[in-house]
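Me: I'm new to this one and would like to know where its labels come from. Could you walk me through them?

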Amino acid sequence: MSIDSLAALVRTISDFPKPGIQFRDITTLLADGAGLRELVEHMAGIVRPLDPDLIVGVEARGFILAAALAHALGKGFVPVRKAGKLPGRTVGIDYVLEYGTDRLELHEGQVPQGARIVLVDDLIATGGTAQAAAQLLREQGGNVLMALFAIDLPDLGGRQALEADGVATAAVMAFAGH
Ligand code: AMP
């Protein structure tokens with residue numbers, strides 16, 4: 001399946017969750033067996049040469065792709081969650097959003113010192129979420145080899161922001177606009 005065919009499985013919903021946003025909805029791609037397999041195989045092809053120790057996924061859609069990728073590679077999966085969701089002792093990071101702030105958390109001790117990590121989310125927009133997750137992982141001693149996304153919105157500059165932080169960044173698909 002070509003990247004264009006894969007991208008055609010992503011549904012775009014205008015003005016969600018607020019006016020002006022073109023929401024790139026991957027649930028339509030996830031519901032397509034061939035599409036899901038193809039997406040995960042593309043991601044695995046990018047990550048396999050790095051031979052990471054861990055795949056870290058960002059809540060919530062990042063969990064789906066990160067877990068599938070971890071399974072495909074035979075690696076462990078670790079979740080980075082929104083505040084207050086993880087049951088054990090956590091470490092966290094606060095980060096700035098367009099309006100207000102948010103917080104990401106990780107179970108204490110789930111990132112071994114020097115662990116070679118690939119960070120996964122469904123989409124990179126401004127890069128703020130992935131920058132915060134990468135910083136949290138580094139603060140815990142992780143070595144973030146790459147941040148990998150199903151979708152990049154290149155007009156928003158997230159990839160450049162992440163790479164300026166020293167995080168190699170890749171995506172399977174790209175969509176113009178916001
Ligand atoms: P950012 O921190 O700006 O890179 O935003 C990335 C996070 O917000 C990811 O977890 C995405 O799932 C979500 N997100 C941002 N913009 C969109 C969009 N246009 N369509 C779908 N998800 C989005």
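**Strands, helices and cores**

Reply: Happily! β8 and β9 pair in the parallel sense over 5 bridges. The model is predicted, so local features need pLDDT of at least 70 and side-chain atom pairs count only at pLDDT 80 or more, while totals for chains, interfaces and linings use all residues. Residues are numbered from 1 along each chain as its sequence is written, and side-chain values use heavy atoms, leaving out hydrogens and water.

Me: What makes β8 and β9 a pair?

Reply: Two strands pair if DSSP finds at least two bridges between them. β8 and β9 have 5 bridges, so they qualify. Phe149 stands opposite Ala171 in β9.

Me: Why are β5 and β9 called edge strands?

Reply: Each pairs on one side only. The open sheet has 7 strands in the order β5-β6-β4-β3-β7-β8-β9, with mixed pairing.

Me: How do you know that α3 and α4 come within 9 Å?

Reply: That value is between their axes, which cross at roughly 60°; axes are lines fitted to C-alpha atoms, for helices over the stretch in contact, and angles run from 0 to 180 degrees between N-to-C directions. The contact (heavy atoms within 4.5 Å) includes Leu39 and Met43 of α3 and Leu65 and Leu69 of α4.

Me: What makes one group of residues the largest nonpolar core?

Reply: A nonpolar core is a set of buried Ala, Val, Leu, Ile, Met, Phe, Trp, Tyr and Cys residues joined through side-chain atoms within 4.5 Å; buried means under 20% relative accessible area (1.4 Å probe, protein chains only). The largest such set has 28 residues, including Leu39, Leu69 and Ile151.

Note on methods: Helix = DSSP H or I, 4+ residues; strand = E, 2+ residues; numbered from the N terminus. Buried < 20%, exposed > 50% of the residue type's maximum accessible area, 1.4 Å probe, protein only.
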